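Reader: I am new to this structure. Please show me how to read its features.

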Amino acid sequence: MRIYDLIAKKRDGGTHTREELETIVNGFVSGEVADYQMAAWMMAVYLRGMTNEETAELTDVMAHSGVMVDLSPIPGIKVDKHSTGGVGDKTTLVIAPVVAACGVKIAKMSGRGLGHTGGTIDKMESVPGTRTALSQEEFFAQVNKIGLSVIGQSEGIAVADKKMYALRDVTATVSCIPLIASSIMSKKLASGSDAILLDVTTGTGAFMKTVDQSIELAELMVAIGTHHGRRVAAMITDMDTPLGRNIGNSLEVMESMDVLKGKGPADLTEVCLQLAANMLVLAGKGTPAECRAMAQAVIADGSAFAKCKEMFAAQGGDTRVLDDYSLFEQPAASFELLAEQDGYIVANDAEKIGSASVLLGAGRQKKGDPLDFAAGITLHKKRGDYVHKGESLATFYGAADKFEAAAAEYRSGLVYGAEKPEEAPLVYALVT
Ligand code: URA
């Protein structure tokens, strides 16, 4: 079938065969299918959807468009974790060392910031000297030696996804469940871990805005992973409000280290303990209660923090900053965002806060923009807190000429009210 006919088939609500999906995806990677044809086809998918079987086939075709990493030279079960993206979402920096300190190997590839959401690799690079591009030999050797490495996703993984994502980003086709599921799961299948825990964020700061949509996406991703012989579970976590209090690269490393030292904020600590426990369950380490106790124990005895330092040291990072945060690159200036009235914070829109931190230089406004690792926001008042007029809602860090625009963006997502809002759950569901 010609690509023209395949676009028409999806436009009219048809279901593709595997061969048809190969023609579309492989043709796009090789350049035979033009950007405008792929964009038209993805919009047809956005509007018409895909069956679950079709999405599973699409995922497999996308995974095989690049390198399929074979982690078998690393003995034992390797567990991966993936978040669908969030603001202040620094859980990988906590749970990867926690799980590794419990004896489960982590050979993880992570991403950079995307839109208003942050990325683990950018955060890690705020620790001076840290290398996030290791050769496969170095990566395997590090995991075999210390049980843990987190690196940037290699260029060769799920090549089709990289090209498709770039096109989706500019054609309003990102928030489409079959396209998100195949994008994420193609990378996870290609990365080679035996077990995968998915953190499907939900709310204003996430791609999925409602719990129902998030559960639908989670169920589909779990089904795709299971179909391909992986152990997969998904947690639905709240992203209406940023996780923890810090947003920005080095700020998020500091807060993650606080959790590993047993003095992190309660919401971030709780989500990390639940994520780590579920990863340990997937690795067969015990019941959920036993696994949670293990995660708590390695934080309490300092072994998870030690494992984190070992990872940064192995990747060339200056670990002194993890003990003494004043050694991090310091921001050029700071600014207090003051409350304009008394009242409860009823909404603290995570997407707006993420966008404000991008404006401060913590994220990229366009591809290739340099980052200001010290830029970001510390929240002093979050949803549910009472604030008096003139009190500080948040501290901004970065270049002083960026504060005004960032403040306007932050304020546009802020709602005050006379009544304390109902507490939102941190975790809505576990999908297995
Ligand atoms: N993250 C991804 O990797 N892909 C998507 O489509 C959305 C979020």
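Reader: How many nonpolar, polar and charged residues are in the shell around the ligand?

Author: Start with the classes. Ala, Val, Leu, Ile, Met, Phe, Trp, Tyr, Cys and Pro count as nonpolar, Asp, Glu, Lys and Arg as charged, and the others, Gly among them, as polar. Here the shell has 4 nonpolar, 1 polar and 2 charged residues. This is a predicted model: local features need pLDDT of at least 70, side-chain atom pairs count only at pLDDT 80 or more, and totals for chains, interfaces and linings use all residues. Residues are numbered from 1 along each chain as its sequence is written, and side-chain values use heavy atoms, with hydrogens and water left out.

Reader: Which residues are around the ligand?

Author: A residue is near a molecule if one of its heavy atoms lies within 4 Å of it. The residues around this ligand are Tyr-165, Arg-168, Ile-180, Ser-183, Ile-184, Lys-187 and Phe-207.

Reader: Which helix gives the largest share of the shell?

Author: Helices (H or I, at least four residues) and strands (E, at least two) are DSSP runs, numbered from the N terminus. Helix H9 gives the largest share, 4 residues. Helix H8 (159-169) and helix H9 (177-191) each supply at least two.

Reader: Which side chains have polar atoms facing ligand atoms at short range, and what are the distances?

Author: A polar contact is a pair of N or O atoms within 3.5 Å; within protein, one must be able to donate a hydrogen and the other to accept it, and residues adjacent in sequence count only if both atoms are side-chain atoms. The side chain of Arg-168 has an N or O atom 2.9 Å from a ligand oxygen. For Lys-187, the distance to a ligand oxygen is 2.5 Å. Ser-183 places a polar side-chain atom 2.7 Å from a ligand nitrogen. Taken alone, the ligand exposes 240 Å², and the protein buries 93% of that (Shrake-Rupley method, 1.4 Å probe).

Reader: What is the strand order in the sheet with mixed pairing?

Author: Two strands pair if DSSP finds at least two bridges between them. This open sheet of 4 strands runs E1-E4-E5-E13. Strand E1 (79-83) and strand E13 (427-431) are at the edges with a single partner each, so one side of each has no neighbour in the sheet. Strand E5 (231-238) and E13 run antiparallel, joined by 4 bridges. Met-235 stands opposite Leu-430 in E13.

Reader: What is the order in the sheet with antiparallel pairing?

Author: That open sheet has 4 strands, ordered E6-E9-E11-E7. E6 is joined to strand E9 (376-379) by 2 bridges. Ile-377 in E9 is the bridge partner of Ile-247.
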